[in-house]
Number of protein chains: 4
Amino acid sequence: MDYNSMDTEIEALGEPKILSPLGGGEKSLTSQYFIPDNTRILIDIESNKLIKMVKEGEIPPSFEKAGPRSKIFFDPSKLRCAIVTCGGLCPGVNDIIRSIVFEIYYSYGVQNIYGIRYGLQGFIPKYGHDVINLKPESVVNILEMGGSILGSSRGAQSIEEIVNTLKKMNIGILFMIGGDGTLMAATKITDAIKKGGLKISVVGIPKTIDNDIFMVSRTFGFDTAVDIATQAIKGAHNEAIGYPNGIGLIKLMGRYSGFIAATSALAQQNVNFVLIPEVDFDLEGPKGFLNVLEKRLHLRKHAVIVVAEGAGQKFFETDNNERDESGNIRPRDIGWYLKDKITSYFESRNIKISLKYIDPSYMIRSVPANANDHIFCSFLGRDAVHAGMAGKTRLLIGHWNNYFVHIPMSASAGKRKKIDPNGKLWLSVLHATGQDSFKNE
Amino acid sequence: MDYNSMDTEIEALGEPKILSPLGGGEKSLTSQYFIPDNTRILIDIESNKLIKMVKEGEIPPSFEKAGPRSKIFFDPSKLRCAIVTCGGLCPGVNDIIRSIVFEIYYSYGVQNIYGIRYGLQGFIPKYGHDVINLKPESVVNILEMGGSILGSSRGAQSIEEIVNTLKKMNIGILFMIGGDGTLMAATKITDAIKKGGLKISVVGIPKTIDNDIFMVSRTFGFDTAVDIATQAIKGAHNEAIGYPNGIGLIKLMGRYSGFIAATSALAQQNVNFVLIPEVDFDLEGPKGFLNVLEKRLHLRKHAVIVVAEGAGQKFFETDNNERDESGNIRPRDIGWYLKDKITSYFESRNIKISLKYIDPSYMIRSVPANANDHIFCSFLGRDAVHAGMAGKTRLLIGHWNNYFVHIPMSASAGKRKKIDPNGKLWLSVLHATGQDSFKNE
Amino acid sequence: MDYNSMDTEIEALGEPKILSPLGGGEKSLTSQYFIPDNTRILIDIESNKLIKMVKEGEIPPSFEKAGPRSKIFFDPSKLRCAIVTCGGLCPGVNDIIRSIVFEIYYSYGVQNIYGIRYGLQGFIPKYGHDVINLKPESVVNILEMGGSILGSSRGAQSIEEIVNTLKKMNIGILFMIGGDGTLMAATKITDAIKKGGLKISVVGIPKTIDNDIFMVSRTFGFDTAVDIATQAIKGAHNEAIGYPNGIGLIKLMGRYSGFIAATSALAQQNVNFVLIPEVDFDLEGPKGFLNVLEKRLHLRKHAVIVVAEGAGQKFFETDNNERDESGNIRPRDIGWYLKDKITSYFESRNIKISLKYIDPSYMIRSVPANANDHIFCSFLGRDAVHAGMAGKTRLLIGHWNNYFVHIPMSASAGKRKKIDPNGKLWLSVLHATGQDSFKNE
Amino acid sequence: MDYNSMDTEIEALGEPKILSPLGGGEKSLTSQYFIPDNTRILIDIESNKLIKMVKEGEIPPSFEKAGPRSKIFFDPSKLRCAIVTCGGLCPGVNDIIRSIVFEIYYSYGVQNIYGIRYGLQGFIPKYGHDVINLKPESVVNILEMGGSILGSSRGAQSIEEIVNTLKKMNIGILFMIGGDGTLMAATKITDAIKKGGLKISVVGIPKTIDNDIFMVSRTFGFDTAVDIATQAIKGAHNEAIGYPNGIGLIKLMGRYSGFIAATSALAQQNVNFVLIPEVDFDLEGPKGFLNVLEKRLHLRKHAVIVVAEGAGQKFFETDNNERDESGNIRPRDIGWYLKDKITSYFESRNIKISLKYIDPSYMIRSVPANANDHIFCSFLGRDAVHAGMAGKTRLLIGHWNNYFVHIPMSASAGKRKKIDPNGKLWLSVLHATGQDSFKNE
């Protein structure tokens, strides 16, 4: 990746001039904890590359380190802020809501915190959704709940109306928890805010269970998702070995990237085939997947297949018409497609198989965060508050090289992180499964 | 139910004349533990009914109590026995295998225990499946494994070939773990054994995750199934409340009975609608399900629906042709059918909903047993061994009024237990959900 | 047990004359669901015993079946009721609170439901605890919380003051969730109520994680407790096999009975020794436990021991003084006592062992109920409401021969259920562990 | 930390000259995957520091990146290697054993893999422990087992005897999974190997559930430990809120560092006090812990305290004698010490409390790894194999800034990682708990 041309500077609403309430007093420790803006975390940390760059006079790309600043932009006693959660469910959303509320309330003394209901819809008057007044006592017990206490929705809404609502509500910081679409909307919202001369900070916390936000090494909920996905794989394995020529086929989330599929396969090491969007594969032909699967069954009597939902989308281009005629109930669903293809392949070869298809997606998205994600989310929420209070805007709270950092929305929105087919993760999957390329010449 | 005409006598291969090795010696306690054959457990235990019957000179129906007998039929040093597991996976199958092996090996000293692979197929030479020699050390660690270490298969096989194999292998006791189909096969096998003048005991352990074996109050794996099903319901609930007009639709197992659906709805008390095979319902019309669902959404903005796979099969009679045309990929699947019906209903009413469909069946069947089923299975296995060693045959090990009992196969095979729509279970579901009858006049 | 002399009649405050709101109307099913008072469940259900009794003119003992009655005693519109939870934590307490509130509010229309805080203390003015107004919305989400939302406390309080408070609050039904001590208090409270000519129904729901309430086959929370206890046993097993001469020693709850210890040992079948209060054992001597343990280590290199907290109390009689001198921090704690004895025994024999002591008690008591207990508790709560509304008093909701029944407090309070050393449970433990009697002549 | 003087160079047995079997052939992808030795990961990645160093002509410290090398030192067909696991149990040990066996067997073709039993004892003839022949089929199913299939032991053994055994067994690579003591032994073993002119590579995989290995950002098993620890905290919270003045006191692992205590407190955000070895605290006095606890109880009626086992060791210096007299059963156990101190403090103030003490340590250590640790361990095992095959020695496989790296044993052994009282982790704990310093002037 060419990080060098990437913009890594963080915008601000103005100069923060108010002394942070976090410093001083009895807990003097905290004052040492303040992060200066010029503390930056290198993006590429391979030593030799780095030394070469510096010696050649280049400045190696880096991200601003997240954390509390000694001076803040907003006056806590007057500030009103809002939280909105958008898109699909993801474990940890409630953790972040709780973490934001606790930090901004107890550490900064901000008392007006509003929860916007049902995603961006909540900003649009015609939907008539109410606004929730968030207090520590209303969120203290939400850690063990899956979903989002604010509710969510999908789809775009009028940027103008959103900004109007923010204005009317007199919001100073808007915390947006959402995926790539939400970040795109967030960028437009900040544009409109700027154009309108408003002083509203927009802080994004990237949410995608697929873990495919560009320049963000890990998104919250992913660890939990892998946890639960491995249980589905165990089940598939038991079904596969339980019958002659048993096949367990699991579809996991991952529209554009196969992180959940690949990582879960590594966690539960009895997967035999992993199919992901990043790696092309053929079904037919001597090296095609179906033929390899047949060989595997011949040798071992069972097989476990994990397929990411975005894998093999090429098949739908050619098969499209056919599917439309049959009612189009499951358009472009690679899981059902594979199920049908495998079934008819073995039928045509007169080989009896026992295929079990498992789609645990909604059971994964809707669970509460595990311990690891609880912690991760508590940091994300706190650092989002620090960034917002400092008047920073148009940024994401990300995680890079094990540090929490500020990432400009422009550096991430509209691009996607993908599995490198030559990288450690995918090659480890190849080792663990022993699978081949499924590509004919 | 008319229990009175039911045959409750247990057949035996002959008179047991060998002193059980369980009695005597240091563990003299055990000898007190022997259960005489005439210890019987009443089937109907309502006091007044019972007293009336006895006074009128009738003999109230009862089952033989399971447990070790003081005299056994088979000579342990010569006995060879076999275990076979048939049909769908169910939590606890491995527990029962382990329990049988441990009890017959350590308590009775039987050393030749064979595991038949892949269900009834394992008896049929043409499949070429091997036979597994089962020893305590090979099954000691299988408790935490889901599935069946022997494998399973569905479908009938030639009774003649099965009996031939038993004869060739010189089997004395055949333990059959399987559902209603298996019990039917077992009955035929015992017929053929009898006709052939063979001395082979056939002991069934009824397996059906649906818990619908007639005259058996609880089958193993059911408790575990409900455990896991409640997790799916929690997920569905989170999805439902997460979106405006959110609907969580979960299909649970239960072809002919709704025990898992009803019981899980009681365990996880945020289900709003439960649809089961035993209770008819309409979709259309003023009191039909769709209209009631609309009212619910109007009032509460979300709904959680649990449907047993065998519910609403009447819809497929009329809609059959239509479905056939569309490829018939998921014939008679009430889950997808409801999903389609709900979706098009609200589309036609121009109401935006967010429906999430969850089918956790294979994730439920394939898990290991929970603690409760571990214990239950360990008793089932042990009592199966005691019955077999005593030369009893053509019987099931069942559980009735909290006692383990011997049930003649003829009393159970081919009939099904169903939820009583006027009974405590279903009426509790009605209370818990507050749901109505969904029946137009 | 001699059930025959036991009083099984249920007291009532008066004749119920009000038509139950559960019957009639649209849900006409419910009316068929009403249980007449003369529907009774036999206590001993061995067929031959029973027939003999009836033929000899005796009336076999039975319990009244629990469930809704067609006529009720209290006018729902005027009724005020209270719930109190006493003694140690137990999984499922919140389930029962929720079930009572939902049933009495929605089915009967009672709107004044008070939660008494911190057990019996909550009735005593000097403690100054507040009373909680319980509504469906305040308890709807408490299923997944461990503990008791009302709080609890131990110890007796003045019966007079309790009854005064009930009077002042104008309570009609008091639901008491508690153990043996609470039932004793409940009996005295009903005495005082009677003497005072008050019309207050007292309905007990027996709570004891030890499962040792007399005449109650299963108490809520027990199934969950066994679930969690098996996890501790797995850990102990791993520790034991992880080291040369590794010993895993787990102390489980069970002051007067070893049900949790015995049942958990059956669930997790790698326990080698189970010590319970009901079965005496020696430590020293050729057949004593220490010597047998040594032999086991010699043969198998590891051992897992489960001890119920009430086992071996005889050792404290002789060792008492010695313990007092050493500070008496953990008096009569058989876990630490065994740990010390085993350690010094092997030290004296110059054998190196690696003993790990695990006491999971507080981790077990404090978890939320599992699915099975969720269901069980929801029935207990509902049947408690039905009994109370019908004006019944001085009774427990119990479970016997798989039916929910009414048990007079007098039949149970002050007695304890114990493991029968000749019964199926304990002999199964002997089989599963292979353990001996640990008794010298 | 002064990384600059730290030795980061990795020793090797000689130049690797054999072409790695991983490259070439059909899976040509893999060849691109080879990591050159000069790919190094920066240790400190703060951008400005780094740039300054380079500009001043210094070489910033870095670690060699782990992964497969294109050339290897050992001939796979002749190589014999051994695995030993030492010290306390830790989730993931079996994962690493499995990962090593699979990688070295399938990827490199090494067939002779020996499992040394019971830690370093297994090398010493006098103990008479056998050696286990490890094959993929013998380790394929060990992922879900806690503990170590090889067993472990504590304590030093003769370095000479160990090296003699290695020599006799003709071992080429020794994989040592163990904590700080093991790494010290490993260093001595490599010294003796070198002195003896032997060609034996020693590769360490640092194991400490406390996560306190110096220069290693995360050790395996830690994530799982936090997972389970949070369950104990939930229980303690339920016990605390369940009684008037309820106190839940949990002791967690952490002899020299409080990582588990601090991290678990962040995961389960209802902890009120965290006590760790790195932060001194007073018990007595106006700002002492006991006084602060009293204030908390006065305000909130309950408190949850997490204490790391190594916290407050200073108290044992003064109180030592007293403890010795009382039998010295639990010397220097801060958990029991705090329990006693809190109890007597409130007794002396005549305040009734209800304290529950929970020590889940052995239940935490002995569980199987969670999904996250499964994956982490699979990488550690594979990278250990790659390092060993390349002839590298005297190194650890570590994780730093999100990369797997080679760390010289000398850089880590004998030092410990500790929580920085001014760092993000601890200050987040202070925020989450709201706790003060507990230090009098």
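Let me start with A:Gly242, which sits in the loop between helix H7 (222–241) and strand S11 (246–252) of chain A. Keep in mind that this is a predicted model.

Is A:Gly242 buried or exposed? A:Gly242 has 28 other C-beta atoms within 10 Å, and the cut-off for a buried residue is 20 or more, so A:Gly242 counts as buried.

What is A:Gly242 in contact with, leaving aside its neighbours within four places in sequence? The list lies in chain B: B:Leu89, B:Gly147, B:Ser148, B:Gly151 and B:Ser152. Within chain A, take A:His302: 60 residues separate A:Gly242 from A:His302 in sequence, and their C-alpha atoms are 8.6 Å apart in space.

Now to chains B and C. A turn of 180° with a shift of 0.0 Å along the axis lays chain C on chain B, with an RMSD of 0.0 Å. That is the relation of a two-fold axis. Both copies use the same surface, since 100% of the contact residues of chain C recur in chain B. The residue of chain C that comes closest to the rotation axis is C:Asn401, with its C-alpha at 2.4 Å.

How many residues does the contact take from each chain? There are 52 from chain C and 52 from chain B. On the side of chain C that touches chain B, the elements giving two or more residues include helix H1 (29–33), strand S3 (40–42) and helix H15 (424–433) of chain C. H13(C) gives the most, with 7 residues. By type, that side of chain C divides into 19 nonpolar, 22 polar and 11 charged residues.

Notes
Residues numbered from 1 in each chain as written. Chains lettered and ligands numbered in written order. Predicted model: local features only at pLDDT ≥ 70, side-chain atom pairs only at ≥ 80, totals over all residues. Least-squares fit on C-alpha atoms with pLDDT ≥ 70 in both. Contact = placed C-beta atoms within 7 Å. Helix = DSSP H or I, 4+ residues; strand = E, 2+ residues; numbered from the N terminus. Nonpolar A, V, L, I, M, F, W, Y, C, P; charged D, E, K, R; others polar. Buried ≥ 20, exposed ≤ 12 C-beta atoms within 10 Å, placed from the backbone.
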